[in-house]
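Here is a short walk through one model, with a sheet and a cavity as the stops. Keep the viewer open as you read.

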Amino acid sequence: MKDICLLNVALNTIEKNNLIQNRDRILVGVSGGPDSMCLLNVLKMIQNKYSVSLFVVHVNHMLRGLDSERDEKFVKSYCKKIRIPFYVERHDVKKYSKSKGLSIEESAREIRYNVFRAYSNINNIDKIAVAHNKNDQVETSLMRILRGTGLDGITAMDYKANKIIRPLLDIKKVDILFYCNEMDIKTTIDKSNLDRVYTRNKIRLDLIPYLEKEFNVDIIDRIHNMALLLNEDKKIVNEYIKTIFLKVLVEKNNHMIVLDLEEINKYSDEIIKRVLRIGIIELSGNIAGFGKVHIDNILKMINSSKTGKYLDLPKNLKVNISYNKFKLYFDEKTEKLKFCKKLNIPKVYVKEIGQTFYFDILSIEQFNELNINLSEKNDLTGYFDFDKIDFKKTFIRNRKISDFIVPYGYITGKKKLKDYFIDLKMSRDIRDKIPLLAVESEVVWIVGYRTSNNYKITNKTKKVLKIKVKNKEVL
């Protein structure tokens with residue numbers, strides 16, 4: 001039967017790609033549609049085999065009014081029935097889309113993954129399971145082909161990427177629908193999936209059926225197999241390019257990459273372009289926002305090798321050529337980072353400081369279990385009363401003239417940050433590099449040195465904000 005067949009295919013995908021280990025804590029993204037409900041059912045069926053703990057998160061995009069409310073209630077009710085912990089997040093995707101200048105699809109995806117990562121961080125999750133299937137893979141490949149893409153864009157989604165796993169990636173949509181029917185799995189229907197205003201829907205509803213009818217009934221399998229084969233080629237190419245990148249690399253840190261201009265010019269333009277892509281990904285995390293025109297413009301600078309040339313790029317990146325050195329770096333005028341009230345981002349890389357801040361929210365019970373002596377200095381980790389911080393006014397930044405702090409343990413009131421640094425006999429160049437957690441002009445944490453008395457943990461604290469800093473360069 002197809003229901004048994006689907007389960008076996010999913011198990012084979014999991015084992016072949018080492019997606020799940022014994023006793024994993026798995027967060028499952030569930031919308032209520034057939035794909036995610038099938039995924040949840042499959043994981044529930046194999047739960048005992050791997051002794052895993054399952055958790056469900058549902059993101060209400062607030063796009064479909066009462067239908068969105070219905071989906072949220074449906075998933076909550078189902079999770080309660082099968083006794084799986086359930087979390088829900090509501091986000092106004094339209095508002096987010098306008099503020100970020102992204103499409104509705106891009107905004108919804110970005111929000112979902114931010115939520116997944118946030119809950120993953122809070123609940124010590126090992127894996128985040130999403131319900132991408134074979135049809136999703138083909139739709140993505142076709143969409144990128146229509147927009148114009150290279151090898152990286154047309155290749156397959158990864159079965160595993162960091163914590164993200166895709167157990168249904170080898171299964172067709174038609175088999176998922178059959179499985180849900182045979183197993184009597186109730187699902188919801190997202191009517192927006194029928195709206196042809198979205199490119200992906202046009203591909204799903206019009207292009208793929210046309211290709212199946214006019215060219216090949218097995219078009220889903222054929223394109224999926226093509227993507228997998230190209231993925232293998234991509235890995236070979238990327239490994240080769242990485243060796244060249246390391247050969248021409250002079251210096252690298254969290255906010256800058258310097259390449260030897262003479263060495264890099266020994267290679268063909270095609271290789272240089274791929275080296276540049278690696279450099280961009282190393283600094284910004286991905287290549288999103290960078291098109292062919294940006295790479296071509298950088299290449300022209302490299303080929304000219306003229307000292308003193310500058311070029312502005314997306315994501316506050318800049319390029320500079322100086323004395324046979326090619327420098328890719330973050331603009332020092334980068335806007336300071338503003339916190340999100342619900343801390344939907346579990347970690348943030350602050351470009352102008354060159355450090356990564358990891359956020360976690362603990363109950364006071366969890367905090368007390370840590371048995372921390374706050375009188376002991378802890379350079380890399382800070383603990384604060386979550387409810388005392390006004391997140392709308394909170395930034396991670398460098399110092400300002402008006403900054404002050406009420407140091408933990410002090411009884412003489414606030415102290416100018418400048419005076420505090422003078423007391424430490426600290427040089428100005430070091431002062432300018434020290435990261436601060438600040439609410440307007442009040443410093444909550446001089447990272448590596450002092451925390452504020454105003455935000456300390458007390459017997460009235462209900463929630464604790466934990467912040468851990470990595471890639472510390474100056475402390």
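## Ground rules

For residue classes, Ala, Val, Leu, Ile, Met, Phe, Trp, Tyr, Cys and Pro count as nonpolar, Asp, Glu, Lys and Arg as charged, and the others, Gly among them, as polar. This is a predicted model, where local features need pLDDT of at least 70, side-chain atom pairs count only at pLDDT 80 or more, and totals for chains, interfaces and linings use all residues. Numbering starts from 1 along each chain as its sequence is written, and side-chain values use heavy atoms, with hydrogens and water left out.

## The second largest cavity

The structure holds 2 cavities of 30 Å³ or more. A cavity is a set of points on a 1 Å grid, over the protein atoms alone, where a 1.4 Å probe fits but cannot get out; lining residues have an atom within 4 Å of a point.

The second largest has about 30 Å³ of space. Its lining includes F245, I257, G279 and F326. By class, that lining has 8 nonpolar, 1 polar and no charged residues. The largest share, 4 residues, comes from α13.

## The sheet and its helices

Elements here are DSSP runs numbered from the N terminus: helices (H or I, at least four residues) and strands (E, at least two). Strands pair if DSSP finds at least two bridges between them. One open sheet has 6 strands, in the order β3-β2-β1-β4-β6-β5 with mixed pairing. β3 (86–90) and β5 (160–161) each have a single partner strand, so one side of each is left without a neighbour in the sheet.

β2 (residues 53–60) pairs with β3 in the parallel sense over 5 bridges, and V57 has Y87 in β3 as its bridge partner. Helix α6 (residues 104–122) packs on this sheet, touching β1, β2, β3, β4 and β6 (contact means heavy atoms within 4.5 Å).

Note on methods: Axes fitted to C-alpha atoms, helices over the stretch in contact; angles between N-to-C directions. 1 Å grid on protein atoms, 1.4 Å probe; cavity = no way out; pocket = protein on both sides within 12 Å on 5 of 7 lines; lining within 4 Å. Points joined across faces, edges and corners; volume = space filled by probe spheres on them.
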